[in-house]
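Grab a pencil and work through a few short exercises on the model shown here. Try each task before you read its solution.

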Amino acid sequence: MRAISEGPDRVLVGGVAAVLLALSVGVANAALTPQETAGKQIYMQGTSPRGSEVTAYVGSEGVRLPASAVPCAGCHGYDGIGRPEGGVIPADIRWSHLTKAYGHIHEDGRRHGAFDAAGIARAVTTGLDPAGNRLDRAMPVYEMSDADMADLTAYLERLETDLDPGIGETSLQVATLLPLEGPDGELGQAMAQVLQAFFADLNAAGGIYGRRIELLAIPFGASPESTLETAKLALRREGIFALVGAYTVDLEYELLALLRTEHTPLVGPFTLHPGDETLNEGAFYIYPGFADQARALVDEAFAKPGVPPARVSVVAPDDPRADALVAAVRDQMQRYGQAEPVSLRYTPEALDAASIAARIRESGSDVLLFFGTQAELDPLLPAIAEGAEPPRLFLLSSLVSESLFDAPPVFNERIFLAFPTLASDVSESGRAEYQLLAERHALPIEHLQAQVAAFAAAKLFAEGVKRSGRDISRRAFVDQLESLYAFETGVTPPLSYGPNRRVGARGAHVVAVDLVNQSSQPVGDWHEVR
């Protein structure tokens, strides 16, 4: 594993001093020219960067559609090879294939000579090959400006060599973004060791389709701004296919925006706040965010048959993060046909416990979801306990810092916490696999949850690469991860993704607090939210 920074400093990675190399200026492939870049947009998206209209005529009746509905890449693929689908076999449109000197003989007997730039333009705009034969009727005919056609042709010449960054003949370079020094340095180094160990074992077994996975460590800087700047330079200069197991706490939205600009997939980031899944289609989270955990708590509140709770109160600080949680609760309750919850908001760190408790009693709520901090919860519990029977209390485990065993006795088995993961998520085979890795590479015993998260991220990444095949691309990789259903990492709940799903484990474990026996017990199995 290499570690990089903007200077020649040193850090310890895996107990060994590793030089932090200055960023190189090399890239895996030559950059596209402006004309090729414009042509790539037409090929991939069916739209012109000039803003001019690009139209497609489809089928024997020539149905008129915007080309964005049937872009070239839709049938011929991101590599130009094309894959059979629905009985249609798209032609191989790689430049080296189209321009073969001896021409082409097709399965239907159609013959023609080699294509050149003019021949390609004729085929695209008229549907005729160099010999004047009609192409397959499944092939749309496109109408575009001469300038757009020239751009498209220029890109077709580059298509088969326009590999995504990091893809080599014998290697696939990925990166991770971690704090390797400072308060979280030990955690970051532990995660780095797990990633390096996993890929070292994978490479020792032959890699994936003959490619070694090479890991580049991008260290945190002195500030979020410097960290993002270092990440930006690395992505643009180092040839990085994807980020794997990155530590993105407090960097979520800024990092997602950067990765979207650079078209870089993000696999298994370690974070409490999965970002907006519409912001970066290449981001694949493992564990649920707070909103999904809140939904799981609502499910638990209404899970038992019979009369549902008469009233629900949500107590939360008045800030944007809590806004999202209150909205998630409201939406999930609507799915049960329940009335709006009573929303009690307060200024962060200025909760008036007596006033809030009085309002909860006035509302008649027998379910309370609280999204504040431990310090704000402590005075609220005794204030609520003064009533005849307190409501059942539902909390996010990540927001509280104590076991709650000291809560007033009236809350016995009336406190429920949502956890994104529990030890029960680790299967026997997953435990054995991880322990073997830990023993072989002398992994540290500290920061175990972060290590497990990095291990799961590496397994998820490797699965996506395997499914993408030898001719891997970022697009193919994202498509394959999107198709995963109930993928078993052995150390997490089963992971499922889709075009509109970027969190693999959507839901939570719900745990009840037993004050009498000073213990906590899961309430059923994993709660998957819908």
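The exercises below cover a sheet, some ring pairs and a pair of cysteines.

This is a predicted model, in which local features need pLDDT of at least 70, side-chain atom pairs count only at pLDDT 80 or more, and totals for chains, interfaces and linings use all residues. Residues are numbered from 1 along each chain as its sequence is written, and side-chain values use heavy atoms, with hydrogens and water left out.

**Exercise 1. Work out the strand order of the open sheet of 3 strands.**

Step 1: Strands are DSSP runs of E with at least two residues, and helices are runs of H or I with at least four, both numbered from the N terminus. Two strands pair if DSSP finds at least two bridges between them.

Step 2: Strand β4 (residues 55-58) and β8 run antiparallel and are joined by 3 bridges. Within that pairing, Ala-56 has Tyr-142 in β8 as its bridge partner.

Step 3: The order reads β5-β4-β8, with antiparallel pairing. That puts β5 (63-66) and β8 (141-143) at the edges, each pairing on one side only.

**Exercise 2. Classify the ring pairs Phe-199 with Phe-461 and Phe-394 with Phe-416.**

Step 1: Get the rule straight: rings of Phe, Tyr and Trp (its six-membered ring) pair if their centres lie within 6.5 Å; planes under 30 degrees apart are stacked, over 60 edge-to-face, and the rest tilted. The structure has 12 such aromatic pairs.

Step 2: Phe-199 and Phe-461 sit 6.0 Å centre to centre with 80 degrees between the planes, making them edge-to-face. Phe-199 is in helix α6 (residues 185-204) and Phe-461 in helix α14 (residues 448-468), so this pair ties together parts 262 residues apart in sequence.

Step 3: For Phe-394 and Phe-416, the centres are 4.9 Å apart and the planes at 15 degrees, so that pair is stacked. Here the rings belong to strands β17 (residues 392-396) and β18 (residues 415-419), so the pair links parts 22 residues apart in sequence.

Step 4: Now check burial (buried is under 20% relative accessible area, exposed over 50%, partly exposed in between; 1.4 Å probe, protein chains only). Phe-199 is buried at 1%, and Phe-461 is buried at 0%.

**Exercise 3. Why do Cys-72 and Cys-75 form no bond?**

Step 1: A disulfide needs two cysteine sulfur atoms within 2.5 Å.

Step 2: The cysteine sulfur closest to that of Cys-72 belongs to Cys-75, 9.1 Å away, which is too far for a bond. By this rule, the count is 0 disulfides.

Step 3: Compare their surroundings: Cys-72 is buried at 14% relative accessible area, while Cys-75 is partly exposed at 44%.
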